[in-house]
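Reader: I have this model open at the bench and keep coming back to one spot inside it. Could you take me through that spot closely, then show me how it ties in with its surroundings?

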Amino acid sequence: MKSLDATKFSDEELVAKIVEKNDTHLFAVLYDRYAAVVYNKCYGFSKSKEEAQDLTHDVFIRLFVKLRTFKGRSKFSTWLYSFTYNFCVNYVQRNKEKKKERVTVVTDQIKEETNEDEIDDADLFELKSDKLAKALEMISPSEKMILLMKYQDDMSIKEISVLLELGDSAVKMRLKRAKEKVVKAYNKL
């Protein structure tokens with residue numbers, strides 16, 4: 001019997017074969033293709049390399065179980081990207097809830113700045129990276145996600161709208177609000 005070279009399969013063909021045969025060896029091929037990409041996305045949501053590695057491992061475990069839900073309506077890489085982001089956003093939200101349970105923090109409400117005119121992209125790029133990382137931790141995971149998609153992953157409005165299943169105008173509004181919030185958080189630091 002002739003063995004198949006699984007590395008020659010397209011992503012979609014490979015997924016179909018993995019689902020059909022529940023084959024962990026074929027899944028390893030998929031893992032090899034995407035481990036670095038998934039790790040980089042997880043690293044954007046984590047506080048350390050070790051945490052990013054753990055998240056990557058968890059994403060692939062969950063992926064193996066959920067692979068049969070891939071319907072092929074988009075490219076597999078797009079679906080995996082969305083899957084990874086959703087996993088990481090949920091992880092961050094769970095961790096924030098755990099922290100809230102352990103520690104009660106009293107915060108003062110600071111008046112909103114009256115100058116809420118357009119925050120342009122240049123404002124974001126001028127922020128110091130260490131302070132920016134802290135500011136990103138202060139906004140919601142979904143806001144952080146959309147900013148990372150736009151500025152770290154260099155995705156277009158159209159690509160984000162397809163991935164998040166939103167209209168272009170909704171994506172633009174969410175980006176605008178997320179930029180405003182991260183700049184305000186940054187200025188408070």
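**Around threonine 84**

Author: Let's start with threonine 84: setting aside neighbours within four places in sequence, it is in contact with Val38, Lys41, Cys42 and Val59, contact meaning heavy atoms within 4.5 Å. Before going on, a word on the ground rules: this is a predicted model, so local features need pLDDT of at least 70 and side-chain atom pairs count only at pLDDT 80 or more, while totals for chains, interfaces and linings use all residues. Residues are numbered from 1 along each chain as its sequence is written, and side-chain values use heavy atoms, with hydrogens and water left out.

Threonine 84 sits in helix α4. Helices here are DSSP runs (H or I, at least four residues), strands are E runs of at least two, and both are numbered from the N terminus. With 1% relative accessibility, threonine 84 counts as buried. The scale goes like this: buried is under 20% relative accessible area, exposed is over 50%, and partly exposed is in between, using a 1.4 Å probe and protein chains only.

One of the partners of threonine 84 is Lys41, so to speak a good next stop. Lysine 41 belongs to helix α2, and at 12% relative accessibility it counts as buried too. Not counting residues up to four places away in sequence, lysine 41 touches Tyr81, Thr84, Tyr85 and Asp153. Its C-alpha is 8.5 Å from that of alanine 52, eleven residues apart along the chain.

Alanine 52 turns up again with serine 46, in the loop between α2 and α3. Leaving aside residues within four places in sequence, serine 46 is in contact with Glu51, Ala52 and Leu55. At 11% relative accessibility, serine 46 counts as buried.

Now look at phenylalanine 45. Apart from neighbours within four places in sequence, its contacts are Tyr85, Cys88, Val89, Val92, Pro141, Lys144, Met145 and Leu148. Pro141, Lys144, Met145 and Leu148 are among the buried residues of α7, along with Glu143, Ile146, Leu147 and Met149. Just after α7 comes aspartate 154, with a positive phi near 55°.

Phe45 also has a place in the largest nonpolar core: of its 51 residues, Leu14, Leu30, Phe45, Leu63, Leu67, Phe76 and Met149 touch the most other members. A nonpolar core is a set of buried Ala, Val, Leu, Ile, Met, Phe, Trp, Tyr and Cys residues joined through side-chain atoms within 4.5 Å. Two or more residues each come from α1 (11-21), α2 (24-45), α3 (49-66), α4 (76-102), α6 (129-138), α7 (141-152), α8 and α9. The most come from α4, with eleven residues. Domain 1 (8-88) and domain 2 (119-188) both contribute, so this core lies between them; those bounds come from an automatic or database domain assignment.

Over in the second domain, isoleucine 139 is in the loop between α6 and α7. At 5% relative accessibility, isoleucine 139 counts as buried. Its C-alpha lies 6.8 Å from that of lysine 181, though the two are 42 residues apart in sequence.

Two helices there are worth rotating into view. The axes of α8 (residues 157-164) and α9 (residues 168-188) come within 9 Å and cross at roughly 105°. Axes are lines fitted to C-alpha atoms, for helices over the stretch in contact, and angles run from 0 to 180 degrees between N-to-C directions. α8 and α9 are therefore roughly perpendicular (65 to 115 degrees; under 35 is roughly parallel, over 145 roughly antiparallel, the rest oblique). Ile157, Lys158, Ile160 and Ser161 of α8 meet Asp168, Val171, Lys172 and Leu175 of α9. By class, that contact has four nonpolar, one polar and three charged residues. Ala, Val, Leu, Ile, Met, Phe, Trp, Tyr, Cys and Pro count as nonpolar, Asp, Glu, Lys and Arg as charged, and the others, Gly among them, as polar.

In the loop between α8 and α9 you'll find glutamate 165, with phi near 55°. Glutamate 165 is exposed, at 73% relative accessible area. Asparagine 22, in the loop between α1 and α2, has phi near 50° and is partly exposed at 47%. Most residues other than glycine have a negative phi.

Zooming out, the chain has nine helices and zero strands. Buried residues make up 36% of its 189 residues.
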